[in-house]
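Hi,

Here is the structure I said I would pass on. Have a look at it first, and then read on for my notes.

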Amino acid sequence: LAAFSSYLVFRQREEFMSYVAQNWARLLTIEVLSAILFVAFIFVRLTNPDLWHHPMGGEKPMDFAYFNAVLRTTVFPAYDPWYAGGNINYYYFGYVIVGVPTLLLKIVPAFAYNLLVPTIFSATGIAAFSVAFNIVDSWTNRQVQSIDDEKVTVIRRMGNPYLAGVAALLLTVVLGNLDTPRVMIEEGFARLGGYERP
């Protein structure tokens with residue numbers, strides 16, 4: 001991948017260097033944001049890296065079992081780790097995508113799993129950031145045709161693309177599941193206060 005990317009950059013080096021020179025601040029922001037998301041979720045996984053303990057792991061045992069089944073299978077559909085002689089009757093292509101680098105780099109599956117979860121968290125967050133950022137940025141900077149047929153960039157204040165990107169990121173990977181606060185409020189805090197549902 002590095003060699004192929006280097007080849008593409010070399011072929012279009014002038015355009016590439018011009019783009020980096022014009023957009024280095026934006027590129028640096030995206031890289032830093034990706035690293036922050038990755039490290040933040042690494043800390044989440046460090047609080048409970050165990051992949052088997054059901055009360056603390058939730059669906060991790062099933063997730064990890066399917067991941068291992070995809071890593072070890074020789075044909076697809078992958079074998080079902082819970083049902084001898086059966087195949088996985090579940091969507092598993094995501095395990096194939098993350099399994100390829102795991103096998104190529106020969107990473108221990110348990111260690112790889114605890115790295116893949118933050119990687120997917122970071123990639124999903126940056127994807128949401130990019131979509132919202134680019135939509136608002138395209139609304140803000142529009143190229144229009146002038147009278148003498150030259151393209152002129154018209155800047156309209158339609159919103160801050162960085163604010164839109166961060167909002168989309170938070171709504172996608174942090175605030176997307178609002179059922180957890182509901183359960184905590186209705187079940188956890190309510191029971192602490194002595195409330196029992198009729």
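Below is what I found, going from the overall layout to single residues.

First things first: this is a predicted model, so please read everything here in that light.

**Overall layout**

The chain has 198 residues, and 27% of them are buried. You will find 8 helices and 2 strands. Reading from the N terminus, the order is α-α-α-α-α-α-β-β-α-α, with the two strands sitting between the sixth helix and the last two. Looking at contacts with a separation of 6 or more, 52% come from residues 24 or more positions apart. The accessible surface is about 14,400 Å², and carbon and sulfur atoms account for 66% of that.

**The cores**

Now for the inside. In soluble globular proteins, nonpolar side chains tend to be buried together. Here, the largest nonpolar core has 15 residues, and the members that touch the most others are Phe-67, Val-70, Ile-88, Tyr-92, Tyr-95 and Leu-116. Helices H4 (60-72), H5 (93-105) and H6 (109-140) each put in at least two residues, and H4 is the top contributor with 6. If you want a way into this core, try Leu-116: beyond its neighbours within four places in sequence, Leu-116 is in contact with Phe-67, Val-98 and Thr-102.

There is also a second, separate core of 9 residues, with Phe-41, Phe-121, Ile-126 and Phe-133 among them. Ile-126 turns up again in the surroundings of Ser-34, a residue of helix H2 (residues 13-47). Setting aside neighbours within four places in sequence, Ser-34 is in contact with Ser-122 and Ile-126. Ser-34 has 17% relative accessibility, which is under the 20% limit, so it counts as buried.

**Tyr-92 and the loop between H4 and H5**

Tyr-92, one of the well-connected core residues, is in the loop between H4 and H5. Its relative accessible area is 18%, so Tyr-92 is buried, the cut-off being 20%. Tyr-92 and Phe-67 are 25 residues apart in sequence, while their C-alpha atoms are 8.2 Å apart in space. Which residues does Tyr-92 contact, leaving aside its neighbours within four places in sequence? They are Val-70, Phe-76, Pro-77 and Ala-78.

Two of those deserve a second look on your screen. The peptide bond from Phe-76 to Pro-77 is cis, with omega near 5 degrees. Pro-77 is also in the loop between H4 and H5.

**Aromatic rings**

The count of aromatic pairs comes to 10. Take Phe-64 and Tyr-113: their ring centres are 5.8 Å apart and the planes meet at 75 degrees, so this pair is edge-to-face. Phe-64 belongs to helix H4 and Tyr-113 to helix H6, so the pair ties together parts that are 49 residues apart in sequence. Both partners are buried, with a relative accessible area of 16% for Phe-64 and 5% for Tyr-113.

Phe-129 and Tyr-162 make another pair, this one tilted, at 6.5 Å centre to centre and 50 degrees between the planes. Phe-129 is in helix H6 and Tyr-162 in helix H7, so here the parts tied together are 33 residues apart in sequence. Phe-129 is buried at 2% relative accessibility, whereas Tyr-162 is partly exposed at 34%.

There is an aromatic cluster to look at too, formed by Tyr-66, Tyr-90, Tyr-91 and Tyr-95.

**On the outside**

Val-166, Leu-170, Leu-171, Val-174, Leu-175 and Leu-178 form a nonpolar patch on the surface, and together they have about 520 Å² of accessible area. One of them, Val-174, is in helix H7 (residues 161-174) and is partly exposed, with a relative accessible area of 48%.

Finally, a backbone detail. Lys-106 has a phi near 55 degrees, which is a positive value in a residue other than glycine. Lys-106 is in the loop between H5 and H6, and its relative accessible area of 72% is over 50%, so it counts as exposed.

Cheers

Key:
Residues numbered from 1 in each chain as written. Predicted model: local features only at pLDDT ≥ 70, side-chain atom pairs only at ≥ 80, totals over all residues. Heavy atoms only, no water. Helix = DSSP H or I, 4+ residues; strand = E, 2+ residues; numbered from the N terminus. Buried < 20%, exposed > 50% of the residue type's maximum accessible area, 1.4 Å probe, protein only. Contact = heavy atoms within 4.5 Å. Areas by Shrake-Rupley, 256 points an atom, 1.4 Å probe, with all protein chains shown as cover. Patch = residues over 30% accessible without salt bridge, like charges linked within 9 Å, V, L, I, M, F, W, Y side chains within 5 Å. Salt bridge = Lys/Arg side-chain N within 4 Å of Asp/Glu carboxyl O. Core = buried A, V, L, I, M, F, W, Y, C linked by side-chain atoms within 4.5 Å. Phe/Tyr/Trp six-rings, centres within 6.5 Å; stacked < 30°, edge-to-face > 60°.
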